[in-house]
Amino acid sequence: MASITSLVLDGGASGLGLLTSLVTGYTLENFSESPLTKSTSPSDFWGQRWDRPVQSALRRGCYQPLRKHFSSHVAAFGTFVISGFIHEYVLYAMTFRSQHSYQPQYGNQFFFFIWNGIVLLL
């Protein structure tokens with residue numbers, strides 16, 4: 001499942017990047033850099049290879065401000081907590097007024113990021 005998700009997201013981001021480049025002339029940053037096959041650790045996966053635009057925004061908006069007041073471990077874990085809340089909010093916003101029978105299980109995204117924050121600290 002992780003392989004399919006990675007391929008779909010990377011392919012979609014590459015297509016969007018190509019379209020943007022053709023229309024505007026701007027070159028966009030790569031979405032990811034082979035996170036499933038070239039990562040050497042959880043830190044390398046999350047910090048260097050997976051979803052690089054969001055990773056960059058989280059570094060500037062969460063990690064660096066937290067790092068001014070806390071250790072790097074606490075700042076990294078706090079960034080994962082914030083990312084978990086953001087993912088939950090997006091899921092809620094996407095399904096809040098849904099007329100479909102699909103009812104998401106809230107909390108799964110949050111706990112996924114908490115778990116990965118713990119793994120990162122080990």
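In these legends, two residues are in contact when heavy atoms of theirs lie within 4.5 Å of each other. The views below come from a predicted model.

**Figure 1. The whole chain, a run of six helices.** Let's start with the overall picture before zooming in. The protein chain has 6 helices and 0 strands, and reading along the sequence gives the pattern α-α-α-α-α-α. Of the 122 residues in the chain, 28% are buried. The chain exposes about 8,800 Å², and 64% of that area is supplied by carbon and sulfur atoms. Among contacts with a separation of 6 or more, 35% join residues that are 24 or more positions apart.

**Figure 2. Helix H3 and what covers it.** This view shows helix H3, which spans residues 42-49. Which residues of H3 are buried? They are Asp44, Phe45, Trp46, Gly47 and Arg49. The cover over these buried residues includes helix H2 (35-38), helix H4 (52-67), H5 and H6. Just after H3, look for Asp51, which takes a positive phi of about 40°.

**Figure 3. Where helix H3 meets helix H6.** Helix H3 (residues 42-49) packs against helix H6 (residues 108-121) at an angle of about 115°, and their axes are 8 Å apart. On the H3 side, the contact is made by Pro42, Ser43 and Trp46. On the H6 side, it is made by Phe112, Phe113, Asn116, Val119 and Leu120. Sorted by class, this contact of H3 with H6 has 6 nonpolar residues, 2 polar residues and no charged ones.

**Figure 4. The largest nonpolar core, with Phe80 and Phe113 among its members.** This core has 6 residues: Phe31, Phe45, Trp46, Trp50, Phe80 and Phe113. Take Phe80 as a starting point: leaving aside its neighbours within four places in sequence, Phe80 is in contact with Trp46, Phe113, Asn116, Gly117 and Leu120. Now move to Phe113, which lies in helix H6. Phe113 counts as buried because its relative accessibility is 7%, and the cut-off for buried is under 20%. With neighbours within four places in sequence again set aside, Phe113 is in contact with Trp46, Phe80, Ser83, Gly84 and His87. You can also pick out Phe77, 36 residues from Phe113 along the chain, where the two C-alpha atoms are separated by 9.1 Å.

**Figure 5. Thr79, a buried residue of helix H5.** Thr79 is found in helix H5, which covers residues 72-95. Is Thr79 buried or exposed? With a relative accessibility of 10%, Thr79 counts as buried. A polar atom of the Thr79 side chain lies 2.8 Å from the backbone oxygen of Ala75. Beyond its neighbours within four places in sequence, Thr79 is in contact with Leu58, Cys62, Tyr63 and Leu66.

**Figure 6. Glu88 and the residues it meets beyond its sequence neighbours.** Staying in helix H5, we come to Glu88. This residue counts as buried because its relative accessibility is 12%. A polar atom of the Glu88 side chain lies 3.0 Å from the backbone nitrogen of Gly107. When neighbours within four places in sequence are left aside, the contacts of Glu88 are Tyr106, Gly107, Asn108, Gln109 and Phe110.

**Figure 7. Gln105, an exposed loop residue.** Gln105 sits in the loop between H5 and H6. At 59% relative accessibility, Gln105 counts as exposed, since the label exposed applies over 50%. To place Gln105 relative to another residue, find Leu91, which is 14 residues away along the chain; the C-alpha atoms of the two are separated by 9.5 Å.

**Figure 8. Ser56 and its polar partner.** Our last stop is Ser56, which lies in helix H4. Ser56 is partly exposed, with a relative accessible area of 24%. What does the side chain of Ser56 make a polar contact with? The partner is the side chain of Arg60, at 2.7 Å.

How values were computed: Residues numbered from 1 in each chain as written. Predicted model: local features only at pLDDT ≥ 70, side-chain atom pairs only at ≥ 80, totals over all residues. Heavy atoms only, no water. Helix = DSSP H or I, 4+ residues; strand = E, 2+ residues; numbered from the N terminus. Buried < 20%, exposed > 50% of the residue type's maximum accessible area, 1.4 Å probe, protein only. Polar contact = N/O pair within 3.5 Å; in protein donor to acceptor, adjacent residues only side chain to side chain. Core = buried A, V, L, I, M, F, W, Y, C linked by side-chain atoms within 4.5 Å. Areas by Shrake-Rupley, 256 points an atom, 1.4 Å probe, with all protein chains shown as cover. Axes fitted to C-alpha atoms, helices over the stretch in contact; angles between N-to-C directions. Nonpolar A, V, L, I, M, F, W, Y, C, P; charged D, E, K, R; others polar.
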